[in-house]
Amino acid sequence: MAAKSNSPSDRAIVVTRVFNAPRELMWETLTVPEHLEHWWGPKGFTSRVHQLELRPGGTFLYSQRNAEGREMWGKWIYREIAAPERLVFVSSFADEKGNVVRHPFEPNWPLETLGTSTFIEDRGRTTVTVRMVPINATESEEQTFFGQSKFMEEGFAGTWDKLDKYLATL
């Protein structure tokens with residue numbers, strides 16, 4: 001099946017969470033390697049930041065390892081940075097050199113997803129909303145992506161639980 005256009009569809013997976021922290025701190029926890037390595041990634045994984053160039057066109061390259069030693073790599077290419085309100089990026093699985101690769105467990109996963117994170121503060125608490133859509137994906141890849149929405153939401157919940165615990169130490 002031919003790939004769809006580069007424009008994201010109206011369909012999206014959207015996850016939101018309110019954190020008991022000011023927006024500036026929330027922005028730092030998502031853009032500073034020393035913070036990210038404490039909480040980034042699914043429950044049961046540790047993360048390491050290998051590259052983080054916070055600028056449009058810049059790369060965030062990271063690895064994540066589970067307790068059994070299995071390692072996965074991911075990569076973001078930043079499209080838009082409007083500190084501390086909005087972050088737009090293309091997310092992919094990658095190898096250790098930053099080359100885009102297929103999802104390690106789901107070969108029909110889109111190679112790229114477009115993520116938009118927004119940060120809204122109210123009385124010292126910050127609402128973080130992440131909107132994810134597949135881009136340059138086949139119809140079958142889009143079906144796989146949206147069919148996995150429950151697992152993505154669970155993955156975000158576990159990651160954000162780790163972030164909540166990390167914020168409590170700051």
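**Figure 1. Elements of the chain.** Helices, of at least four residues, and strands, of at least two, are DSSP runs numbered from the N terminus. By that rule, the protein chain has four helices and eight strands. The model shown is predicted. Read from the N terminus, the order of elements is β-α-α-β-β-β-β-β-β-β-α-α. The chain therefore opens with a strand, followed by two helices. Seven strands come next, and two helices close the order.

**Figure 2. Overall dimensions.** The C-alpha atoms of the protein chain fill a box of roughly 50 × 35 × 30 Å along the principal axes. The radius of gyration is 16 Å. A compact globule of 170 residues would have a value near 15 Å, so the two agree. Contacts tell of the fold as well. Among contacts with a separation of 6 or more, 53% join residues 24 or more positions apart.

**Figure 3. Surface and charge.** Of the 170 residues in the protein chain, 42% are buried. The chain exposes about 9,000 Å². Carbon and sulfur atoms supply 50% of that area. The side chains include 20 positive and 23 negative ones. The centres of these two sets lie 2 Å apart.

**Figure 4. The hairpin of E3 and E4.** Strand E3 covers residues 59-66, and strand E4 covers residues 71-82. They pair in the antiparallel sense, over seven bridges. One residue pair to look for is Tyr62 and its bridge partner in E4, Gly74. Four residues lie between the strands of this hairpin. In the hairpin, Gly69 takes a positive phi near 95 degrees.

**Figure 5. From E4 on to E5.** Strand E4 also pairs with strand E5, residues 86-94. The two run antiparallel and are joined by nine bridges. A hairpin of three residues links E4 to E5. Here Tyr78 has Phe89 of E5 as its bridge partner. In a regular strand, side chains alternate between the two faces of the sheet.

**Figure 6. Helix H3 and its cover.** Helix H3 spans residues 139-147. Its buried residues are Glu141, Glu142, Thr144, Phe145 and Phe146. Strands and a helix contribute to their cover. Among the strands are E1 (13-19), E7 (112-122) and E8 (125-135). Helix H4 (149-169) also covers buried residues of H3.

Key
Residues are numbered from 1 along each chain as its sequence is written. This is a predicted model: local features need pLDDT of at least 70, side-chain atom pairs count only at pLDDT 80 or more; totals for chains, interfaces and linings use all residues. Side-chain values use heavy atoms; hydrogens and water are left out. The radius of gyration is taken over C-alpha atoms; the globule rule is 2.2 Å times the number of residues to the power 0.38. Buried means under 20% relative accessible area, exposed over 50%, partly exposed in between (1.4 Å probe, protein chains only). Contact means heavy atoms within 4.5 Å. Accessible areas come from the Shrake-Rupley method with a 1.4 Å probe; for residues, only the protein chains shown count as cover. Lys and Arg count as positive and Asp and Glu as negative; His and the chain ends are not counted. The place of a charge is taken as NZ of Lys, CZ of Arg, CG of Asp or CD of Glu. Two strands pair if DSSP finds at least two bridges between them.
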